[in-house]
Amino acid sequence: MSAAATLFTPPLRGAKAHLADELQAGRVYRREELARLSNAVDRHLNELVSTGVLKKLAQGLYYAPKQSNFGPLPPTDEQVVRGFLRDKDFLVFSPSSYNTVGLGTTQLYNSTLVYNHKRHGVFKLGNRQFNFRVKPRFPKKLTSEFLYVDLLNNLEELAEDRDAVLSQARDKLMSLNQPRLQEALNSYGNMATRKRVREWIGG
């Protein structure tokens, strides 16, 4: 029996117990995954949510929390997004990551970006909001060169001094790894960003 199933009081019986027994603590589930384990899946899911063994993240999306000495642990952003998209090909990050590039950006953002190939829009999953953006290409992990390019792509959306950031970006340009910057520019830069950076390099 899974760790999650031991949390039930009183003990579960029948089909509901079978469903609970199949849960793996720390995993995100979609309703259709669990429907094959129950003859009354919606009723059983509601009951499991009411006992705290499952947490509802969104319509049709659930999480079986791991337990710690301090109570149930929330899922990671990656777990939530993977369950929502039913896909492993995505990049999750906060715009606050732009501050690591050294272009004078200082704002802290409460939003979470998800670059992916499937969904577009802002979705509330659990107690978090995720801004899904369909992109043709994105890296598997963040690099300084990608963040540099992506910051310039999105500069108009950010609560920063645009002219100051552009000045810093021009000064910072040659300190970046040039082959990796060129690759990021070609793969992820929009037209305006590619033109601007190439003018800086040429100038």
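Is F146 buried or exposed? F146 is buried, with a relative accessible area of 2%. Keep that residue in mind. One caution before we go on: this is a predicted model.

Let's start with the helix that holds F146. That helix is α5, residues 144-153. How many of the 10 residues of α5 are buried? Nine of them are, so α5 is largely enclosed by the rest of the structure. Here is the list of buried residues: E145, F146, L147, Y148, V149, D150, L151, L152 and N153. What do they pack against? Two strands, β6 and β7, and three helices, α6, α7 and α8. Strand β7 covers 112-116, and helix α6 covers 162-172.

Now take one of those neighbours, α8. Two packed helices are described by the angle between their axes and the distance between the axes. For α5 and α8, the axes come within 9 Å. They cross at roughly 115°. Which residues make the contact? From α5, we have Y148, V149, L152 and N153. From α8, we have T193, V197 and W200. Sort that contact by class, and you get five nonpolar residues, two polar ones and no charged ones.

Helix α8 has another partner. That partner is α7, residues 178-188, while α8 itself runs over residues 191-202. Their axes are 9 Å apart, at an angle of about 150°. Anything over 145 degrees counts as roughly antiparallel. So α7 and α8 are roughly antiparallel to each other. Their crossing is left-handed. On the α7 side, the contact uses Q182, L185 and N186. On the α8 side, it uses T193, R194, V197, R198 and I201. By class, this contact of α7 with α8 has three nonpolar, three polar and two charged residues. Look at T193 and V197. Both are in the contact of α8 with α5, and both are in the contact with α7.

Next, the aromatic rings. How many aromatic pairs does a search of the whole structure find? Nine. A pair of aromatic rings is described by the distance of the centres and the angle of the planes. I'll show you two pairs.

First up, F84 and F132. Their ring centres are 5.0 Å apart, and their planes sit at 50°, so this pair is tilted. F84 lies in helix α4, residues 77-85, and F132 lies in strand β9, residues 128-134. That makes them 48 residues apart in sequence, so the pair ties together separate parts of the chain. F84 counts as buried, at 12% relative accessibility. F132 is buried too, with a relative accessible area of 0%.

The other pair brings back F146. Its partner is F93. The ring centres are 6.1 Å apart and the planes are at 80°, so the pair is edge-to-face. F93 lies in strand β6, residues 90-93, and F146 in helix α5, with their positions 53 residues apart in sequence. F93 is buried as well, with a relative accessible area of 4%. There is also a cluster here. Ring pairs link F93, Y98, Y115, F146 and Y188.

Stay with strand β6 for a moment. V92 is found there. V92 counts as buried, at 14% relative accessibility. What does V92 touch, leaving out residues up to four places away in sequence? D77, E78, V81, T112, L113 and V114. Now compare sequence and space. V92 and L142 are 50 residues apart in sequence, and 9.2 Å apart in space, C-alpha to C-alpha.

Here is another case to set beside that. S68 lies in strand β4, residues 66-68. S68 and P136 are 68 residues apart in sequence and 39 Å apart in space, again C-alpha to C-alpha. At 27% relative accessibility, S68 counts as partly exposed.

Last stop, the loops. R86 is in the loop between α4 and β6. Its phi is near 55°, a positive value in a residue other than glycine. R86 counts as exposed, at 55% relative accessibility. Which residues does K118 contact, leaving aside neighbours within four places in sequence? L85, R86, D87 and V134. K118 itself is in the loop between β7 and β8. At 47% relative accessibility, K118 counts as partly exposed.

That's my tour. Thanks for listening.

Notes: Residues are numbered from 1 along each chain as its sequence is written. This is a predicted model: local features need pLDDT of at least 70, side-chain atom pairs count only at pLDDT 80 or more; totals for chains, interfaces and linings use all residues. Side-chain values use heavy atoms; hydrogens and water are left out. Axes are lines fitted to C-alpha atoms, for helices over the stretch in contact, and angles run from 0 to 180 degrees between N-to-C directions. Helices (H or I, at least four residues) and strands (E, at least two) are DSSP runs, numbered from the N terminus. Angles under 35 degrees count as roughly parallel, over 145 as roughly antiparallel, 65 to 115 as roughly perpendicular and the rest as oblique. A crossing is left-handed if the near helix is turned anticlockwise from the far one by less than a right angle, and right-handed if clockwise. Contact means heavy atoms within 4.5 Å. Ala, Val, Leu, Ile, Met, Phe, Trp, Tyr, Cys and Pro count as nonpolar, Asp, Glu, Lys and Arg as charged, and the others, Gly among them, as polar. Rings of Phe, Tyr and Trp (its six-membered ring) pair if their centres lie within 6.5 Å; planes under 30 degrees apart count as stacked, over 60 as edge-to-face and the rest as tilted. Buried means under 20% relative accessible area, exposed over 50%, partly exposed in between (1.4 Å probe, protein chains only).
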